[in-house]
Amino acid sequence: MINYLFRIETIDGTAEAGEDYNKIDEVITMVKNQRFFPLDVTIIDDNQWEPDETFFVKLSLHGDQPNVKLGHKAICMITIIDDDGNSSQQLCSVSIPLSL
């Protein structure tokens, strides 16, 4: 079985890591023909009214993998809607078109 390494990270938009959501910066492993990787992002409940805020999840190649190419959608925008309620987790499924 062939494994491929990717770096997945969150990037602040109007939402800020540590205040509105928990930052992610890790290396993940995927196998040939795998097209999705479920990612749990914890949204922080601060009990203050705020307008909708956004942040991004970015996928990039990790290390030298000349036979692997990312598709054109390597960044996913997440919108936090009215995060002054109960703390919750949002699930972001990132589609990863691979060219092997």
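The following paragraphs lead through a predicted model, from its strands to its core and then to individual residues.

The chain holds eight strands and zero helices. Read from one end of the sequence to the other, the pattern is accordingly β-β-β-β-β-β-β-β. Of the 100 residues in the chain, 32% are buried. Contacts across long stretches of sequence carry much weight in the count: among contacts with a separation of 6 or more, 70% are between residues 24 or more positions apart.

The arrangement of the strands comes next. An open sheet is formed by four strands in the order β2-β1-β4-β6, with antiparallel pairing. Its edge strands are β2 and β6, each of which pairs on one side only. On average, neighbouring strands of this sheet are turned by 25° against each other, with direction ignored. In general, the strands of a sheet pair through backbone hydrogen bonds, in either a parallel or an antiparallel manner.

Strand β1, residues 3-12, can be followed on both of its sides. Towards β2, residues 25-31, β1 is joined by seven bridges, and the two strands run antiparallel. Within this pairing, Leu 5 stands opposite Thr 29 of β2. Towards β4, residues 53-61, β1 also pairs in the antiparallel sense, over seven bridges. Two bridge partners mark the register on that side: Phe 6 is matched with Leu 61 of β4, and Ile 8 is matched with Leu 59 of β4.

From the backbone pairing, the description turns to the side chains. As a general rule, side chains in a regular strand alternate between the two faces of the sheet. The largest nonpolar core comprises 18 residues, and those with the most contacts inside it are Phe 6, Ile 8, Ile 28, Leu 39, Val 41 and Phe 55. Two or more residues of this core come from each of the elements β1, β2, β3 (36-43), β4 and β6 (75-80). The most is given by β3, which supplies four residues.

What does Ile 8 touch beyond its neighbours within four places in sequence? Its contacts are with Ile 24, Asp 25, Glu 26, Ile 28, Leu 39, Val 57, Lys 58 and Leu 59. One of these, Leu 59, is also the bridge partner of Ile 8 in β4. Two others, Ile 28 and Leu 39, are listed with Ile 8 among the residues that have the most contacts inside the core.

Phe 55 belongs to that same list and also takes part in an aromatic pair. The count of such pairs comes to one. Why is the pair of Tyr 21 and Phe 55 called stacked? The ring centres lie 3.9 Å apart and the planes meet at 10°, so the pair is stacked; the cut-off for this class is under 30 degrees between planes. The pair links distant parts of the chain, for Tyr 21 sits in the loop between β1 and β2 and Phe 55 in strand β4, 34 residues apart. Tyr 21 is buried, with a relative accessible area of 0%, and Phe 55 is likewise buried at 0%.

Polar residues can be buried as well, as two cases show. Thr 54 is found in strand β4 and has a relative accessible area of 17%. Buried means under 20%, so Thr 54 counts as buried. Leaving out residues up to four places away in sequence, Thr 54 touches Gly 13, Thr 14, Ala 15, Met 77, Ile 78 and Thr 79. Gln 65, in contrast, lies in a loop, the one between β4 and β5 (69-70). Gln 65 is buried, with a relative accessible area of 15%. Outside the residues up to four places away in sequence, Gln 65 touches Tyr 4 and Leu 5. The side chain of Gln 65 reaches the backbone oxygen of Leu 5 at 2.7 Å. Leu 5 is thus a point where two descriptions meet, since Leu 5 also stands opposite Thr 29 in β2.

A last residue concerns backbone geometry. Asn 33 has a phi near 75°, which is a positive value in a residue other than glycine. Where does Asn 33 lie? Its place is in the loop between β2 and β3. Is Asn 33 buried or exposed? At 55% relative accessibility, Asn 33 counts as exposed.

Note on methods:
Residues are numbered from 1 along each chain as its sequence is written. This is a predicted model: local features need pLDDT of at least 70, side-chain atom pairs count only at pLDDT 80 or more; totals for chains, interfaces and linings use all residues. Side-chain values use heavy atoms; hydrogens and water are left out. Two strands pair if DSSP finds at least two bridges between them. A nonpolar core is a set of buried Ala, Val, Leu, Ile, Met, Phe, Trp, Tyr and Cys residues joined through side-chain atoms within 4.5 Å. Buried means under 20% relative accessible area, exposed over 50%, partly exposed in between (1.4 Å probe, protein chains only). Contact means heavy atoms within 4.5 Å. Axes are lines fitted to C-alpha atoms, for helices over the stretch in contact, and angles run from 0 to 180 degrees between N-to-C directions. A polar contact is a pair of N or O atoms within 3.5 Å; within protein, one must be able to donate a hydrogen and the other to accept it, and residues adjacent in sequence count only if both atoms are side-chain atoms. Rings of Phe, Tyr and Trp (its six-membered ring) pair if their centres lie within 6.5 Å; planes under 30 degrees apart count as stacked, over 60 as edge-to-face and the rest as tilted.
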